[in-house]
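Trainee: Could we go through this structure together, a bit at a time? I'd like to ask about the backbone and then about a helix.

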Amino acid sequence: MKYQKLTIALPTSTFLPSIGGVEVGLHNIALNLSRSGHQPVVIAPATHIYQLRKLHLPLPYKLVALPPKTLTLANILPDIAIVILSNYFSLLQKRHNFDIWHGTVGYPVGVALARFGLNKFPHLIRCAGDDIQIDRKINYGMRINPRIDALVQKWLPQADAMVAITESIEREYENIGVPKAKILRIPNGVSLERFTKTQPSASLRKKYDLPQNAFLFLTVGRNHPKKGFKDLIRASSLLNATTSRPFAVAIAGADTHSLTNLISQEGLTGKIFCLGEIGSSAQNVRHTNWPSEDLVDLYKTADAFVFPSHIESFGIALVEAMAAGLPVITTDGPGCVDVVGNGAFGKLVPVGNPSSLAKAMQGFQEEKALREQYISASQRRAKDFSWETVVAKYLTAYQTLITNSQTV
């Protein structure tokens, strides 16, 4: 389907060179919009824009900075920050005459965009996780702050459209009063072509000091209570007590080395390997590739992927693992359960249940037919998340919102 050439404002609360699902996802949306002949403009925090310009990246889209210190102010004086951002968006609209606004992160950018765009300019907002989800048990979520929660509940239901990257996020929208008719289901994406390489040789295991002949479970993510890495360590201890077959667990992500004391206490030194963040962040940003080539190689050399997270907005690591053809085990937590289709595309275990996790890991280790079943499921599911498919859905949404605004 062909679309008219659009100028698209993409305001966000976070961007490259920080590397995470939100930042890399927005980069890929802007990249693919540009490749399709449109003119995306990423409006990001001033510090991020400054750092990107120092790197001299050949980005094919424009960058515009948000007013300095505004995001810091949003944590101290939320109401004032929202007014400042809304007025700034109005100034940018006069300057650039955008056809559509596409906000990323529900607070403060999303709230400010809904306030600014109300009955004026077509817009949609995509929440990213802690801006809409709450888990008080692990103190997770911006909306634990009642002042922020009040602004989110007041303004986001008034937006033209809210993008839900999973069914769990859709339910959160409905819980704050967003009309169902305003909710669009558009997932995050992955560059499938980057995972088509053949599996690397044993040299990669040697590089990270991983056992050559052990069944290798991989998990990826920064060390945060919501990721459930302590559950994984305890599950590995249970597995170690019940299986005679060699296995290893690799944990790749920022600050994972701080788990080594717990690993030692469980007697799992030499079984669980904390690899830290794989690939230089600066290098990855410079080449605008994420996951890094090293991390893609690690996915390809693993035997199975295990993702014990308690809560996710989406869980991009799950999709990356699927794209690499790995059978996956994850929890029935928000976000995770959606990506694996309630168990149709991956093995589900209850959140925070090391015993069930250990049994699932042992099943994958010992039953080749079970692994092959979930490998096939992963390969089918990954096709749903190609960036071409995702961006085509956004373009359809843009055109609908623009048309609707012209008929009001």
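Mentor: Sure, here come some questions and answers about a predicted model.

Trainee: Which residue is joined to Y107 by a cis peptide bond?

Mentor: Look at the omega angle of the bond that follows Y107, which is about 0°. The bond is cis, and the residue on its far side is found in helix α5, residues 106–117. That residue is P108.

Trainee: And where is P17 in the chain?

Mentor: P17 has a cis bond too: the peptide bond from L16 to P17 has omega near 10°. For its place, check the elements on either side, β1 (7–11) and α1 (21–35). P17 sits in the loop between β1 and α1.

Trainee: Is N97 buried or exposed?

Mentor: N97 isn't a glycine, yet its phi is positive, near 55°. You'll find N97 in the loop between α4 (78–96) and β4 (100–104). Its relative accessibility is 56%, and the cut-off for that class is over 50%. So N97 counts as exposed.

Trainee: What is the relative accessible area of D255?

Mentor: D255 is another non-glycine with a positive phi, about 65°. Its home is the loop between β9 (247–252) and α10 (260–265). D255 is classed as exposed, with a relative accessible area of 51%.

Trainee: Which residues does A254 contact, leaving aside neighbours within four places in sequence?

Mentor: A254 lies in the loop between β9 and α10 and counts as partly exposed, at 33% relative accessibility. L216 is 38 residues away along the chain, and the two C-alpha atoms are separated by 20 Å. With the sequence neighbours set aside, the contacts of A254 are G221, R222, N223, G276 and E277.

Trainee: How many Å does helix α16 reach from its first C-alpha to its last?

Mentor: Helix α16 covers residues 368–382, which makes 15 residues. At 1.5 Å a residue, 21 Å is expected. The helix comes close to that, reaching 21 Å.

Trainee: Why are the buried residues of α16 said to be on the same side?

Mentor: The buried residues are R371, Y374, A377, S378, R381 and A382. They're put on the same side of α16 because, around the axis, they cover an arc of only 125°.

Trainee: Then which exposed residues are on the face turned away from the buried side of α16?

Mentor: Start with the buried residues of α16, which pack against several elements, including β8 (215–220) and α13 (316–323). Now go to the face turned away from that buried side. The exposed residues there are K368 and A369.

Definitions and conventions. Residues numbered from 1 in each chain as written. Predicted model: local features only at pLDDT ≥ 70, side-chain atom pairs only at ≥ 80, totals over all residues. Heavy atoms only, no water. Helix = DSSP H or I, 4+ residues; strand = E, 2+ residues; numbered from the N terminus. Buried < 20%, exposed > 50% of the residue type's maximum accessible area, 1.4 Å probe, protein only. Contact = heavy atoms within 4.5 Å. Expected span 1.5 Å × (residues − 1). Arc of directions from axis to C-beta.
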